[in-house]
Amino acid sequence: MTSEKSSQPRPGTSATPASQSQQQTPPIGEGSYEGARDYQKSIQTYLEGADVAADAQAARPADAAEAEALRQAEQAGLSHSRSRGQ
């Protein structure tokens, strides 16, 4: 039995190093640097021209019943959270 190394990649591996494949296909989508830059830029643009106090006032519940419904929805969402109680 000889210990010759084959020039063929092992099954399940890429023939190109990871750094080369990343250069060919830039990361897109959730977690990408470009997406983060675009998000930060849009937030900055919004904050420069927005009336944040008026937006906050408009987002408040209209009445006590709506406030209670929002509180219950929040509690329901938190009950499904992995971080709660672990």
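The chain holds 4 helices and 0 strands, and its elements run α-α-α-α from the N terminus on. The model is a predicted one, and it is worth a look at the confidence before turning to details. The average pLDDT of the chain is 78, with 60% of the residues scoring at least 70. Helix α1 (residues 18-24) has the lowest confidence, at a mean of 55, whereas helix α4 (residues 64-79) has the highest, at 95. Where pLDDT is low, predicted coordinates should not be read in detail.

Turning to the surface, about 8300 Å² of the chain is accessible, and carbon and sulfur atoms account for 52% of that area. Only residues under 20% relative accessible area are taken as buried, and 1% of the 86 residues of the chain fall into this class.

A nonpolar patch on the surface is made up of Tyr39, Ile43, Tyr46, Leu47 and Val52. Together these residues present about 460 Å² of accessible area. Helix α2 (residues 33-49) supplies the largest share of the patch, with 4 residues. Isoleucine 43, one of the patch members, is placed in helix α2. Its relative accessibility is 31%, and because partly exposed covers the range between 20% and 50%, isoleucine 43 counts as partly exposed.

Helix α4, where confidence is highest, can be followed from its start. At the N-terminal end of α4, aspartate 63 acts as a cap: one of its side-chain oxygens lies 3.3 Å from the backbone nitrogen of alanine 65. The length of the helix can be checked too. With 16 residues at 1.5 Å a residue, α4 should span 22 Å; the expected span takes 1.5 Å times one less than the number of residues. The end C-alpha atoms of α4 are 23 Å apart, which agrees with the expected value.

Helix α4 also carries a pair of charged side chains. The search of the whole structure finds 1 salt bridge, and the side chains of arginine 71 and glutamate 68 meet in a salt bridge with an N to O distance of 2.7 Å. Arginine 71 and glutamate 68 are separated by about one helical turn, because they stand 3 residues apart in helix α4. Both partners are partly exposed: the relative accessible area is 39% for arginine 71 and 33% for glutamate 68.

Technical notes:
Residues numbered from 1 in each chain as written. Predicted model: local features only at pLDDT ≥ 70, side-chain atom pairs only at ≥ 80, totals over all residues. Heavy atoms only, no water. Patch = residues over 30% accessible without salt bridge, like charges linked within 9 Å, V, L, I, M, F, W, Y side chains within 5 Å. Areas by Shrake-Rupley, 256 points an atom, 1.4 Å probe, with all protein chains shown as cover. Salt bridge = Lys/Arg side-chain N within 4 Å of Asp/Glu carboxyl O. Helix = DSSP H or I, 4+ residues; strand = E, 2+ residues; numbered from the N terminus. Buried < 20%, exposed > 50% of the residue type's maximum accessible area, 1.4 Å probe, protein only. pLDDT = per-residue confidence, 0-100. Polar contact = N/O pair within 3.5 Å; in protein donor to acceptor, adjacent residues only side chain to side chain.
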